[in-house]
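Here is a walk through one protein model, written for someone meeting it for the first time. Have a look at the sequence and the structure, then read on.

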Amino acid sequence: MKTVNDFDFKNKKALIRVDFNVPLDDTLKVTDNTRILAAKATIIKVLEDGGSCVLMSHLGRPKNREEQFSLKHIITTIEQVVGVEVKFVSDCIGEETLNAVENLNSGELLLLENLRYHNEEKAGDVEFAKQLSKLGDIYINDAFGTAHRAHASTSVIAQFFPENKCFGLLLASEIENLNKVLTNSEKPVTAIIGGAKVSSKITIIENILDKVDHLIIGGGMAFTFIKAQGGNIGNSLVEEDQQELALTILKKAKEKNVEVHLPLDVIAAADFSNEAETKIEDIFHISEGWMGLDVGPQTNVLFSKVILDSKTILWNGPVGVFELSTFAKGTIYLGNAIAEATKNGTFSLVGGGDSVAAVKKFELSKKVSYVSTGGGAMLEMLEGKVLPGIEAITK
Ligand code: AMP
């Protein structure tokens, strides 16, 4: 795996695909600079070597050159994060852009306008990728968030840099850390899969059954497994049409010697609100009209025992409606157990939108080994897919 550390960028122009698709507020100010911070190490490496950086990214989903999606809105934030003045060109290809790159000196940063102002970017157009490729000597992909897309700037472009292409430090560490779970993992390995729906996690579960010793299933999706086994789940979330599949998963897990741990009890609520009346119930016997919105105390004990006995942990998805404080306790308990295991030397990786949000909300980010930055890309890696943005660099 070639990374920026395998190159000397002295007097070289690095063309870096970053993921600066950051959220902006109504006044077009950046509200979360996490993605810019994540690319900082790669940019600094190039600059400290004595090279220059040409940064390219998309922002949002523009239909044409809509002003609100201009990357000029994030210039100040990049300057604050990286500590270097940012030059900007109002297109990502063409004469003006070529001139700006030509005039770029060592130690300087140039930001290109939104790649998605050109439809050719998402279409993976080869001619467009070729024009982009003229903007640097070495191509670096550091955009994990779009690594699962076969777009012009994320994968097609790599063919124009047969020798001079590599991963940025963020993408390299995402791959390395995911591999610590998926390929080089220390046993016992536990995956915790929570969240709302079985249907959205099915491919992940099927893929990881070959890699784990324990599978903890929590959140709304657990009820489909319970109902499929004849449980009374009241008004809890269920996907009727996924019950067969749930039983198949349980069977496959048994064949592969994977221990599946479903919740034993729940915090049942009379309605879906933070102020709802609640009671603890056995998950197989939830009262008519009530719904399980969090795991219960016996489950907390069971899940944390499994977690504390593990050497590798993957966590994707909350085990309850953590957005409402009344139903956040199970997710907090689980997060704390993972933090404790991590303190004892276990490798823990958290990834996927809502579990990352939960870890941030409950201030556990620094207490786990790694928090993945890429939602869709990380999920596709867990599904066992080869990501176009990664393959383009390695092949
Ligand atoms: P996902 O995006 O599939 O990971 O699902 C995350 C969502 O699942 C969060 O918004 C949670 O509120 C929701 N969730 C977790 N547990 C439950 C539950 N028992 N009932 C309904 N929704 C749940």
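Strand β14 (residues 347-350) is covered on both faces. Phe347 and Leu349 are buried on one side, and Ser348 and Val350 are buried on the other. Buried here means under 20% relative accessible area, exposed means over 50%, and partly exposed is in between (1.4 Å probe, protein chains only). Strands and helices are DSSP runs numbered from the N terminus: a strand is E with at least two residues, a helix is H or I with at least four.

A word on the source: this is a predicted model, where local features need pLDDT of at least 70 and side-chain atom pairs count only at pLDDT 80 or more, while totals for chains, interfaces and linings use all residues. Residues are numbered from 1 along each chain as its sequence is written, and side-chain values use heavy atoms, with hydrogens and water left out.

Back to β14, which pairs with strand β13 (residues 312-316) in the parallel sense over 4 bridges. Two strands count as paired if DSSP finds at least two bridges between them. Across this pairing, Thr312 stands opposite Phe347, one of the buried residues of β14.

Now for the sheets. One is an open sheet of 6 strands with parallel pairing, running β3-β4-β2-β1-β5-β6. Its edge strands, β3 (86-89) and β6 (165-167), each pair on one side only, and the twist averages 25° from one strand to the next. At the β3 edge, 4 bridges join β3 to the parallel strand β4 (residues 109-112), with Phe88 opposite Leu111.

Another open sheet has 3 strands, ordered β11-β10-β12, and its pairing is antiparallel. Here β11 (278-282) and β12 (291-295) are the edge strands, each pairing on one side only, and the twist averages 45° from one strand to the next. Strand β10 (residues 265-269) is joined to β11 by 5 bridges, and Val266 stands opposite Glu281.

How do helices sit against each other? Two packed helices are described by the angle between their axes and the distance between the axes. The axes are lines fitted to C-alpha atoms, for helices over the stretch in contact, and angles run from 0 to 180 degrees between N-to-C directions.

| Helix pair | Angle | Axis distance |
|---|---|---|
| α1 (residues 34-49) and α2 (residues 75-82) | about 60° | 10 Å |
| α6 (residues 169-182) and α13 (residues 375-382) | about 35° | 11 Å |

α1 passes α2 in a right-handed crossing, meaning that the near helix is turned clockwise from the far one by less than a right angle (anticlockwise would be left-handed). Ile36, Leu37, Lys40, Ile43 and Ile44 in α1 meet Thr77, Ile78, Val81 and Val82 in α2; contact means heavy atoms within 4.5 Å. By class, that contact has 7 nonpolar, 1 polar and 1 charged residues. Ala, Val, Leu, Ile, Met, Phe, Trp, Tyr, Cys and Pro count as nonpolar, Asp, Glu, Lys and Arg as charged, and the others, Gly among them, as polar.

The crossing of α6 and α13 is also right-handed. Ile175, Leu178 and Leu182 of α6 make the contact with Met378, Met381 and Leu382 of α13, which gives 6 nonpolar, no polar and no charged residues.

Finally, is Gln242 buried or exposed? This residue lies in the loop between α8 (222-228) and α9 (243-255). Its relative accessibility is 12%, so Gln242 counts as buried. Leaving aside residues up to four places away in sequence, Gln242 touches Val198, Ser199 and Thr224.
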